[in-house]
There are 2 protein chains.
Amino acid sequence: MVTIKEVAHIAGVSIATVSRVLSNSDYPVSQRTRANILKVAGEVGYSPNRAARSLRTERSSLIGVILDNFSSLWAPVIVRGIQDVLHKKGYLTLVVNIPWEEHSRADVVKDLMGHSVDAFVFVETWHPVRERLDMLNNKPYVIVHRLFHESDPHSIIPDETYNSSLVVKHLLELGHEKVAYIAGDANYFSSSQRLDAYLDTMHAAGFGVRDGWIAQGEWCIPSGYQCAQRILASDEMPSAIVAANDELAYGALLAVLDAGLKVPDDIAIVGYDNNDISRISNPTITTVSLPLFLMGQIAAENLLCQLQTSDRDYAEQLIPGELIVRQSCGAPEGVEVYARDFQRATAE
Amino acid sequence: MVTIKEVAHIAGVSIATVSRVLSNSDYPVSQRTRANILKVAGEVGYSPNRAARSLRTERSSLIGVILDNFSSLWAPVIVRGIQDVLHKKGYLTLVVNIPWEEHSRADVVKDLMGHSVDAFVFVETWHPVRERLDMLNNKPYVIVHRLFHESDPHSIIPDETYNSSLVVKHLLELGHEKVAYIAGDANYFSSSQRLDAYLDTMHAAGFGVRDGWIAQGEWCIPSGYQCAQRILASDEMPSAIVAANDELAYGALLAVLDAGLKVPDDIAIVGYDNNDISRISNPTITTVSLPLFLMGQIAAENLLCQLQTSDRDYAEQLIPGELIVRQSCGAPEGVEVYARDFQRATAE
DNA sequence: GTGAAAGCGCTAACAT
DNA sequence: ATGTTAGCGCTTTCAC
């Protein structure tokens, strides 16, 4: 690797001047020498030795990204959004996966500290805020798409309340009055947020909700199947089911079809997350898509802002999702979308 | 951050001795001082400054991971496998996403060079080998799950031929003799490998293949739909269709169902990749799963081996996949698996 | 078995 | 506007 010294030698200037130009310092250097140095650096293929720079400046252009499950439905897209912004500014990311069970979280942070990362991004992590702060040495951080309870002014999260009301309102607009709900795992804060949004939206519209219409599920297809069976067995059948995510919705769909009913004609079903499941099931499932890439971008912008200004009074940012109308809700536009996506004639 | 100097001071020894202990040098240090230094380092929470170490040793404990699409179906799991091995050995990964279109590949590698990465992993990349080597400065590298043509002794890739023959043989064992094929995008080397394996397996079993039974597709659902329609319109209907991936298989499934036929009763269908699609479609699709996590692990082990021995004569490693029997092929065990997975009574 | 000291490439404080 | 130089934390050669 070619060093600053060689560039200086070839350009016929001191290494200090070269450093000033090549490290984007705002120190004044004449246009002529600057241009010359840039030219020489380009010709010899100079690339700064980050270790040396980092040792000197205590900054590394490295951002630590810590997540619970790298291969989740959300993490990869969020990370792409983060990188999209960060790479353009010359930062690289050290992405480290820490499963929930693992006790080595502090070690990982310490390790990243050893690499002098400039800041941290936590994706889908649940680590209590206080525990985290101790380890962070006052470095900037941001939390994206977190799970669980505590609120944190540094977080960028989906607006669960708004998103959940989106699908419920959609059903109400389609004329449904008896809407049932399948909730997600009770441990998750988002479960109760989504459930509450459903209840509030129903009440605000003046519609009651029967006890038998609310089933406690566990985020997966079999659970959706069982919950729907319970709902179907209630005193008064609902005309629609809102599920807390697409897997539950798909399970519910299977149960409704197995019961000999038609979707959406007899019962409409909507989900949440815009999984592949919702795009592929038959009928396709109306759902809410989360702007994951955008959330990653916002997180990174937020971080860059902290890095530049050290101004630390941020507020939790709630990001709205988007209603994706497909077949399972019975809205006319959903059927057209389906036919277009699959280049397939619509049934009958 | 606490430095080696402080540890030395507290332990009452020189920094050289501390370095010998804490950098796992094989230089002899007495058991007593070694234990003491370790104890002190633990107490004060010492973590080495990687920049300083890297500047001195020209090694960084950083591995560059370059991939085309971070949020593909395969990449995240492969990266997890890579990290699973590498993290345990004290390496961290710099994961960089470079879309195919981008022209900045050389820059990215140079950038990673600047960070003194010790080695490279290329995931799903197609960069011609020769172009790549020039930029790599003789650093170790490995290629996982690559696409496109050239062979490379440093690559760990699925055994397309074996995997593809797996599904075809499965159909033959179930008694099928007229098996059609929907191929993937012609640009992909894996497409022709899978197609060839199908042809070879059919011929080896003594069965002919009609022209109308082979359709050229493009890796997506609509393409599978159209290809299946073409196959259904051929002179003699096949009793089974092998698709080059699960999306094509799912498209084919839709077409067969739309044609009023039953799957697997009238026509069996099998896919490839073990997507969520294949797990969720109705009927579920028999397919081949790729051991992506394992491939990542093997790639990392391979890299560690290169890093330690500088012994560079490796051979391309072909990794076999596993047949996943579900409903769409008509095998009896597939139906049982389906019922168990969905906790749902099997239809009639 | 241990210590002293040089120096990796760079930035920034201090000259000029 | 440019040059000189100290020193970031670490490893390693050399001396003892």
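**Exercise 1. Helices α1 and α3 of chain B**

Task: Describe how helix α1 (residues 4-11) of chain B and helix α3 (residues 31-44) of chain B cross, and state which residues make the contact.

Solution. Step 1: In this predicted model, the axes of α1(B) and α3(B) come within 9 Å and cross at roughly 120°. Step 2: Angles from 65 to 115 degrees count as roughly perpendicular and those over 145 as roughly antiparallel; the crossing angle therefore makes α1(B) oblique to α3(B). Step 3: The handedness of the crossing is right-handed. Step 4: From α1(B), the contact takes B:Glu6, B:Val7, B:Ile10 and B:Ala11, and from α3(B) it takes B:Asn36, B:Ile37, B:Val40, B:Ala41 and B:Val44. Step 5: Sorted by class, the residues of this contact are seven nonpolar, one polar and one charged.

**Exercise 2. The relation between the two chains**

Task: Determine which rotation and shift lay chain A on chain B, and name the resulting relation.

Solution. Step 1: Two copies of a chain are related by a rotation about an axis and a shift along it. Step 2: Here a turn of 180° and a shift of 0.1 Å along the axis lay chain A on chain B, with an RMSD of 0.1 Å. Step 3: This is therefore the relation of a two-fold axis. Step 4: The C-alpha of chain A nearest the axis belongs to A:Ala51, at 2.2 Å from it.

**Exercise 3. The interface between the chains**

Task: State how many residues each chain brings to the contact, and which elements of chain A supply at least two residues.

Solution. Step 1: Chain A contributes 44 residues and chain B contributes 45 residues. Step 2: On the side of chain A that touches chain B, at least two residues each come from α4, α5 (75-88), β2 (92-97), α6 (105-114), α10 (221-232), α11 (246-258) and α12 (276-280). Step 3: The element that gives the most is β2(A), with six residues. Step 4: The classes on this side of chain A are 22 nonpolar, 15 polar and seven charged residues. Step 5: Because 100% of the interface residues of chain A are also interface residues in chain B, the copies meet through the same surface.

**Exercise 4. The surroundings of the DNA strands**

Task: For DNA strand C and DNA strand D, give the number of surrounding residues, the closest of them and the classes.

Solution. Step 1: DNA strand C is surrounded by 28 residues, the closest being A:Ile4, A:Ser23, A:Ala52, B:Ala16 and B:Pro28. Step 2: Two or more residues of this surface come from each of α1 (4-11), α2 and α4 of chain A and α2 and α4 of chain B. Step 3: α4(A) has the largest share, five residues. Step 4: The surface near DNA strand C divides into 14 nonpolar, ten polar and four charged residues. Step 5: DNA strand D is surrounded by 29 residues, the closest being A:Ala16, A:Pro28, B:Ile4, B:Ser23 and B:Ala52. Step 6: For DNA strand D, the elements giving two or more residues are α2 (15-22) and α4 (50-57) of chain A, with α1, α2 (15-22) and α4 (50-57) of chain B. Step 7: The surface near DNA strand D holds 14 nonpolar, ten polar and five charged residues.

**Exercise 5. Two helix pairs of chain A**

Task: Characterise the packing of α8(A) with α9(A) and of α10(A) with α11(A).

Solution. Step 1: Helix α8 (residues 160-173) and helix α9 (residues 189-204) of chain A pack at about 45°, with axes 8 Å apart; they are therefore oblique to each other. Step 2: The crossing of α8(A) and α9(A) is right-handed, and their contact has four nonpolar, six polar and three charged residues. Step 3: α10(A) and α11(A) pack at about 50°, with axes 6 Å apart, and are therefore also oblique to each other. Step 4: The crossing of α10(A) and α11(A) is right-handed. Step 5: Residues of α10(A) in this contact include A:Tyr225 and A:Leu232, and those of α11(A) include A:Tyr250 and A:Leu254. Step 6: The contact of α10(A) with α11(A) has 13 nonpolar, four polar and one charged residues.

**Exercise 6. Backbone features**

Task: Locate the cis peptide bonds that precede A:Pro283 and B:Pro264, and the positive phi of A:Glu58.

Solution. Step 1: A:Asn282 and A:Pro283 are joined by a cis peptide bond with omega about 0°; A:Pro283 lies in the loop between α12 and β10 (287-289) of chain A. Step 2: The bond from B:Val263 to B:Pro264 is cis, with omega near 10°, and B:Pro264 is placed in the loop between α11 (246-258) and β9 (268-270) of chain B. Step 3: A:Glu58, although not a glycine, has a positive phi of about 60°, and this residue is in the loop between α4 and β1 (62-67) of chain A.

Terms used:
Residues numbered from 1 in each chain as written. Chains lettered and ligands numbered in written order. Predicted model: local features only at pLDDT ≥ 70, side-chain atom pairs only at ≥ 80, totals over all residues. Axes fitted to C-alpha atoms, helices over the stretch in contact; angles between N-to-C directions. Helix = DSSP H or I, 4+ residues; strand = E, 2+ residues; numbered from the N terminus. Parallel < 35°, antiparallel > 145°, perpendicular 65-115°, else oblique. Left-handed = near helix turned anticlockwise from the far one by under 90°. Contact = placed C-beta atoms within 7 Å. Nonpolar A, V, L, I, M, F, W, Y, C, P; charged D, E, K, R; others polar. Near = placed C-beta within 6 Å. Least-squares fit on C-alpha atoms with pLDDT ≥ 70 in both.
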